[in-house]
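Colleague: I'm new to this structure and would like a close look at one part of it, the place where some helices pack together. Could you start there and then walk me outwards to whatever sits around it?

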Amino acid sequence: MSEFLNLNRTGDKIPLVGFGTARIAQEDTADVVYTAIKSGYRLIDGALLYKNETEVGHGIKRAIDEGIVKREELFVISKLWTSFHKKDDVRRSFDVTLKNLGLDYIDLYLMHFPFATEYVDPRHPNPGFFNKDNKFVLQRIPVHETWRAMEILVDAGLVRNIGISNFNVQSVLDLLTYARITPAVLEIELHPYLWQERLVNWVKSQGIEIIAYASFGNTVFDAVPPATAHVPSLMTHPTVAKIAQKHNRNNGQILLSFAAQQNIIVIPKSVQESRMKTNLDLFSYKLDADDIEQLKSLNINARFNDLVPNTFGLELPIFE
Ligand SMILES: NC(=O)c1ccc[n+]([C@@H]2O[C@H](COP(=O)([O-])OP(=O)(O)OC[C@H]3O[C@@H](n4cnc5c(N)ncnc54)[C@H](OP(=O)(O)O)[C@@H]3O)[C@@H](O)[C@H]2O)c1
């Protein structure tokens, strides 16, 4: 089983297991990212939104300076936030990201969400869905304007691959009607409770790879939509625990390998070195068809990272 995929158009190798950088405290991020690279991670998933890009860059620089890794061996991802979808703002915001990271190109740049919000300065310390007056204001900027500006970043040699995040099938279908550069990747919430097999199969049939986020499901969120509040934690679910015991692994590994062994990229985040290591060890055992069927049977279409008032503070059913 291969431990990387080749992206469409460039053929670039993307590891099936990467490292997520959301919700790592700014002051810890440089050390955490350095330790992740030292532990073997070669894919780093970041975003302007996570407010720690500069520190991610410091961690990468230290690993390169110490000869642990070469720049070309790393696969660095960042994401365009919703307040920079206007064509000139795409480049402006991208330049901030590149400077934050201290790099001269990135491997993959994603549109973080498929809608545009009011402009805020990209150096603003708290990028989010809300404007400077703390209001949620959508902008009339079509995705095709933003995508064209992303394509120009590729033409300029600043980004090797471009992709999308949190798009549903209808949004992908529309994008494919005009995209000069087909998205390399779609990054979405994906775990046994929200398996989305039809979406995954169709998107992959278009040559677009899937990155799964929140592979541990509801375990990681402080607040989940009320409709899913009753759902038991995936991390202690007896079905997952039984499969973990059978393979002599922990539940986290089973949830990650469930995706990775089906050629879906995973990007777990951990600040703990021991978990970094086990989360990376997903191919030294093999889930069998029965394990996969049991995990698939947990699907209840439960989305935890939804744009609802008690999580993101707004009601915007973009996944409907
Ligand atoms: N595109 C998007 O809209 C989007 C949205 C959300 C996330 N993401 C990306 O996806 C990445 C991963 O998602 P996530 O950060 O939400 O959650 P995650 O990686 O699924 O889970 C992280 C949490 O699980 C704990 N953890 C990690 N490994 C564990 C293990 N083996 N056993 C038990 N607990 C474990 C971590 O705690 P410790 O740190 O204490 O180990 C942390 O609290 C993010 O970092 C980000 O890069 C993208």
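Modeller: Let's get one term straight before we look: a crossing of two helices is called left-handed if the near helix is turned anticlockwise from the far one by less than a right angle, and right-handed if clockwise. Keep in mind, too, that this is a predicted model.

Now find helix α7, residues 238-247. One of its partners is helix α10, residues 289-296, and the two axes lie 10 Å apart at an angle of about 160 degrees. Anything over 145 degrees counts as roughly antiparallel, so α7 is roughly antiparallel to α10. With the term from above, you can now place the crossing of α7 and α10: it's left-handed. On the α7 side, the residues that meet α10 are Thr 239, Val 240, Lys 242, Ile 243, Lys 246 and His 247. Across from them, α10 brings in Asp 291, Gln 294 and Leu 295.

Stay on α7 and look for helix α8, residues 251-260. Here the axes are 8 Å apart and the angle is about 95 degrees, which makes α7 roughly perpendicular to α8. Val 240, Ala 241, Ile 243 and Ala 244 of α7 touch Asn 251, Ile 254 and Leu 255 of α8. Val 240 and Ile 243 may ring a bell, as they were also among the residues meeting α10.

Next, step back along the chain from α7. In the loop between β9 and α7 you'll find Pro 225. Its relative accessible area is 7%, so Pro 225 is buried. Leaving out neighbours within four places in sequence, Pro 225 is in contact with Arg 303, Phe 304, Asp 306, Val 308, Asn 310 and Thr 311. For a sense of scale, the C-alpha atoms of Pro 225 and Pro 15 are 31 Å apart, with those positions 210 residues apart along the chain.

That loop takes us back to strand β9, residues 209-213, which runs parallel to β10 and is joined to it by 2 bridges. Ile 211 faces Ile 265 of β10 there. Both strands belong to an open sheet of 8 parallel-paired strands, in the order β3-β4-β5-β6-β7-β8-β9-β10. β3 (19-20) and β10 (265-266) are the edge strands; each has a single partner, so one side of each has no neighbour in the sheet.

Follow that order to β5 (residues 75-80) and β6, which pair in the parallel sense over 4 bridges. Lys 79 has Leu 110 in β6 as its bridge partner. As for cover, 6 of the 6 residues of β6 are buried.

Just past β6, in the loop that leads to α4 (143-155), sits His 112. An unreviewed UniProt entry annotates His 112 as "binding site", and at 5% relative accessibility His 112 is buried. Its contacts beyond sequence neighbours include Tyr 50, Lys 79 and Trp 81.

Tyr 50 makes a good last stop: the unreviewed UniProt entry lists it under "active site". Tyr 50 lies in the loop between β4 (43-45) and α2 (53-65). Buried means under 20%, so Tyr 50, at 18%, counts as buried. Besides His 112, Tyr 50 is in contact with Thr 21, Ala 22, Asp 45 and Lys 79, sequence neighbours within four places aside.

Conventions. Residues numbered from 1 in each chain as written. Predicted model: local features only at pLDDT ≥ 70, side-chain atom pairs only at ≥ 80, totals over all residues. Heavy atoms only, no water. UniProt positions renumbered as here; feature names shortened; annotations may be inferred. Buried < 20%, exposed > 50% of the residue type's maximum accessible area, 1.4 Å probe, protein only. Contact = heavy atoms within 4.5 Å. Pairing = 2+ DSSP bridges. Axes fitted to C-alpha atoms, helices over the stretch in contact; angles between N-to-C directions. Parallel < 35°, antiparallel > 145°, perpendicular 65-115°, else oblique.
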